[in-house]
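Please open the model in your viewer and keep the selection tool at hand. The tour goes from stop to stop, saying at each one what to select and what is found there.

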Amino acid sequence: MRFEIKDFTGLLSAPLVGSKRIKLLNPHDEVQCWSQSDDIAADSPEKVAGFVYVKENGGGVGWVDQTYLEGYRREEISISNFVAACLWAEDDLNSMPDTSPWFVSADFLLCRALLETKISNVAPRASGPGGFGPLVVTRDEWAQFLTESMEQDQFGLEGWDDPIQQIWAAAFRMRRDARTISSIMRQNNVGDSGDPFVPTFLDVFHAYLTGSPDAAVALLNSKDVRAVDVLDRILNRSQVDSILERYPNQFGSRSEPISVVTLRAATEALLDSLFAQTPALVRTVMPDAAALVQANRSPRASTGGPLGELIARGEGNYNSYNRGRAGVRGLPLTPFLSKQPLGDIMKSQCLPPGNPNRLFAVGKYQLIPTTLASAVRALSIGKQEIFTPVLQEHLFRHYLIARKRPKVKNYIIRDGSSLQEAQLALAQEFASVASPHTGRSYYAGTGGNVASISVAAVARALQDERELYASFLAAGLQPTDAWDALSFSPRNVTITTLPLPQPPPIPAISRGKAKLNINLAVQHLRDHAQPKSIGQCARYVRNALEAGGLKAINPPERPVNAKDYGPVLIARGFYKSTLKNMLEQYDPIEGDVVVIEPYTGGNPAGHIAMFSGEDWISDFVQRDIWAGPGYRAKKPSLAIYRP
């Protein structure tokens, strides 16, 4: 195969920019594709890093930049493969622990490709950034990606000209631009390390169009001034003129300048028009996906949503865990937690305290043993399922804030709960979330728990979720799909559920009518719990109930033994359930009291404990509903009393 040289270039000794030039090649010179190994003419180009090995008419052999070969055809790309790779890159970066809250969006990457090349595999243009491929990635952009990526071995020096590999460079740039914008805003006293400013898609788009996050911030902070004057303060004149030449409809010109307000309206319209094209592209590889992206929204993970990602700042990432002490996390597991089956994780959570392999709180939402077991039962999830990021988000969206803490969901979908009720429910579920009543962790003073997420930050996230949910409904999604979309937008996911037949559901445990402040009772129980049992379960639970306002349990009504507290609780408005043969399906809620009968050879007094929302507590914090190994082995009869 022969080619004609298009312009002056060099025959190089190696397929690298800046390598030694063997000979100057002139326009219209002819070269023959050559085989290095066989030293004969080749029928197809032998390409490395965007260079082709050739033999020129004078007999010299070496490397020529492929873009200087007249008639050189770049490979066609599969649109569906390109879209799938964008989704893959999105998932890759958003699963990294240091990405949140500067998330990557496959839709944004597709917008960049649509803007630059309409997703075609192009060579460098005469004007513009001088990049290659569907995303017009430059060599410099690729080099910066390689310095940031932890997986350089999976990419090569030639990746900048690979239409699939270059997607990762574009994804890293999107994240980098968002981070830089947040950093600049922090220098301007907007946001802090615990609650950073998160730029919108439009802000990141401005950083891309101008090649400067500083320019994007300047456009964000300016209004009724000429856009060209704002850019001239940040960039040099040639850079500004290049932007004006490339995007006259959005940035105006020096002769006909426009205001920043007009510029923002034009760029937002452009980006929204690009976003309007991405749902159909995503559906080429995910037919049931629903993509709803807007320029004035902030980029976020394909999973999690505003609330989930906020909670994660105080709880952990998909591979986080601890062995029983708040804030004390272990080294990464092998394999990673997010690659292990649920059943294996749950077995590790059942190991006794002190066992070096024991797990306690796991994953992005720090699911403790009782919570994870209850969620798996409630949602009928098979224990063979891998604890992937998607599964963790499913547990968060459909169990933690829908079933266990329904006031959160009810506020988001406008079904009766107040903002303060939703905030309190989140504080009761996550120790890192500040209580709206105190501004401190709901569990402050126990286990080293400290609130790292402010009341104001939670309010903003809840409001964002509320607005997003309403926008999804307005766009035509059904309520169940709109709820899913909060975590999984713009793409739906599937979780494997257990095969039928399912075990029969337990009868609903009704709320009682006890006059009890559960929050005060639980706090008293936590504050007074001992390091281990001292044989005073009844006294400790009784004192906690009375601290919560329950009518005092005085002699002669006061039972001597813990096993006899049932009638006293019923008399004070508690609802009783015996859970015959159905304990595995029982889903405890905060305030539940368990009364356990004695077993042969054990303490004849029996046992009593209260569920705190996280743990069963009597005179100590228990491992589970059972007070010790004897109860756990014998499993005597018990009853649940719900206030």
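The stops below take in pairs of charged side chains, a pair of crossing helices, a sheet with a helix lying across it, and an enclosed helix. Please keep in mind throughout that this is a predicted model.

**Charged pairs**

Side chains of opposite charge can pair when their charged atoms come close. The structure holds 23 salt bridges, and a few of them serve here as landmarks.

Begin by selecting E30 and R2, which form a salt bridge whose closest N and O atoms are 3.3 Å apart. This pair links distant parts of the chain, since E30 belongs to strand β4 (residues 30–33) and R2 to strand β1 (residues 2–5), with their positions 28 residues apart. E30, at 37% relative accessibility, counts as partly exposed, and R2 is partly exposed as well, with a relative accessible area of 42%.

Next select R246 and E116, whose side chains meet in a salt bridge at 2.9 Å, N to O. Here R246 sits in helix α8 (residues 237–246) and E116 in helix α2 (residues 106–117), 130 residues apart, so that this pair too links distant parts of the chain. Which of the two partners is buried, and which is partly exposed? E116 is buried, because its relative accessible area is 9%, under the 20% limit, whereas R246, with 25%, is partly exposed.

Then move to D232 and R254, where the salt bridge spans 3.0 Å from N to O. D232 lies in helix α7 (residues 227–234), while R254 is found in the loop between α9 (248–251) and α10 (260–275), 22 residues apart. Both partners count as partly exposed, D232 at 32% relative accessibility and R254 at 26%.

**Two crossing helices**

Return to α2 and select it together with helix α4 (residues 166–187); their axes come within 10 Å and cross at roughly 115°. The two helices are therefore roughly perpendicular to each other, and their crossing is right-handed. To see where they meet, show the side chains of F108, L109 and R112 in α2, which meet I167, A170, A171, R173 and M174 in α4. Keep R112 and R173 selected and add E141 and D177, for these four residues are linked in a network of salt bridges.

**A five-stranded sheet**

Now select the strands β9 to β13, which form an open sheet in the order β9-β13-β10-β11-β12, with antiparallel pairing. Which strands lie at the edges? They are β9 (575–577) and β12 (616–617), each of which pairs on one side only. Looking at one edge, you will find β9 paired with strand β13 (residues 638–642) in the antiparallel sense over three bridges; S577 has I640 in β13 as its bridge partner. With the sheet still shown, add helix α20 (residues 518–528), which lies across β11 (607–611) and β12 and runs at about 115° to β11.

**An enclosed helix**

Finish at helix α17 (residues 419–429). How many of its eleven residues are buried? Eight of them are, so this helix is largely enclosed by the rest of the structure. To check this in the viewer, select the buried residues of α17, namely A422, Q423, L424, A425, L426, A427, Q428 and E429.

Definitions and conventions:
Residues are numbered from 1 along each chain as its sequence is written. This is a predicted model: local features need pLDDT of at least 70, side-chain atom pairs count only at pLDDT 80 or more; totals for chains, interfaces and linings use all residues. Side-chain values use heavy atoms; hydrogens and water are left out. Buried means under 20% relative accessible area, exposed over 50%, partly exposed in between (1.4 Å probe, protein chains only). Helices (H or I, at least four residues) and strands (E, at least two) are DSSP runs, numbered from the N terminus. Two strands pair if DSSP finds at least two bridges between them. Contact means heavy atoms within 4.5 Å. Axes are lines fitted to C-alpha atoms, for helices over the stretch in contact, and angles run from 0 to 180 degrees between N-to-C directions. Angles under 35 degrees count as roughly parallel, over 145 as roughly antiparallel, 65 to 115 as roughly perpendicular and the rest as oblique. A crossing is left-handed if the near helix is turned anticlockwise from the far one by less than a right angle, and right-handed if clockwise.
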